[in-house]
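Work through the following exercises with the coordinates at hand, and compare each step with the solution below it.

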Amino acid sequence: DRVYVVGGRGAGPPLCDLWCLQARNLMWSQVKWRGKACPFALPDGRLGELCGHVCIPYDNNLVVHGGKLQGSFNSSTWLFDLRSDTWHPLGNHSQDAVEPSVRWKHCASVLTEVIPTKPIREIYLDSLLNEDDFSGAATAAWLEKQKADLQAQTAYRGLVSSVGANPIVTSTQRAVLFGGSAPAKCLSDLWQLTLTLQ
């Protein structure tokens, strides 16, 4: 129910800000972050204009990638935590890791998995079965399976909703980056960004 705008380019001074639109009442508010770390920070400590980047939502966070920072190509990836109003740089911690080349004006999309859970009606009917229907070992195995199913359903980050009597869990764990422009060339490559936070 919210829309976020991160930076961009305007006619006036550099845009190095974050705004939130509440969809329910169409009211805008500027989001002030804590600390000095942010994707707008220049080496000298000033804030610069960030434009041509992508921004995607993920589990109470915004992930910002690429663009141009004060006219220079940028390959950094940042996470904004909407609960603490803080920015955190993201990056591969392995020397062998491969990352996309610098780019701006590219596209990004999150990939959301939908995991249907066991219908509530089925769980209720299963609970009505007589003890005669199971041996002791089968009952224990069935209870372990129910416990494992419940743990698997609650392990996902994302939205839990209900459609009829069958709960649905959606889990956003990946994003895709595509194309854009780099210095003196157009890009048509496709990259996957794993969003699962440890």
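The exercises treat salt bridges, a sheet and cysteines in turn.

The model is predicted, so local features need pLDDT of at least 70 and side-chain atom pairs count only at pLDDT 80 or more, while totals for chains, interfaces and linings use all residues. Residues are numbered from 1 along each chain as its sequence is written, and side-chain values use heavy atoms, with hydrogens and water left out.

**Exercise 1.** Find the salt bridge partner of Glu49, and describe the burial of both residues.

Step 1: a salt bridge requires a side-chain nitrogen of Lys or Arg within 4 Å of a carboxyl oxygen of Asp or Glu, and the whole structure holds four of them.
Step 2: Glu49 is bridged to Arg9, with 3.4 Å between the closest N and O atoms.
Step 3: relative accessible area (1.4 Å probe, protein chains only) is called buried under 20%, exposed over 50% and partly exposed in between; Glu49, at 13%, is buried, whereas Arg9, at 54%, is exposed.

**Exercise 2.** Determine the order of the open sheet of four strands.

Step 1: strands are DSSP runs of E with at least two residues, numbered from the N terminus, and two of them pair if DSSP finds at least two bridges between them.
Step 2: the order is β5-β6-β9-β10, with antiparallel pairing, and the edge strands are β5 (54-58) and β10 (86-90).
Step 3: β9 (residues 77-81) pairs with β10 over five bridges, and Leu79 has His88 in β10 as its bridge partner.

**Exercise 3.** Count the disulfides.

Step 1: a disulfide is a pair of cysteine sulfur atoms within 2.5 Å, and the search of the whole structure returns zero.
Step 2: for Cys16, the nearest cysteine sulfur belongs to Cys38, 7.6 Å away.
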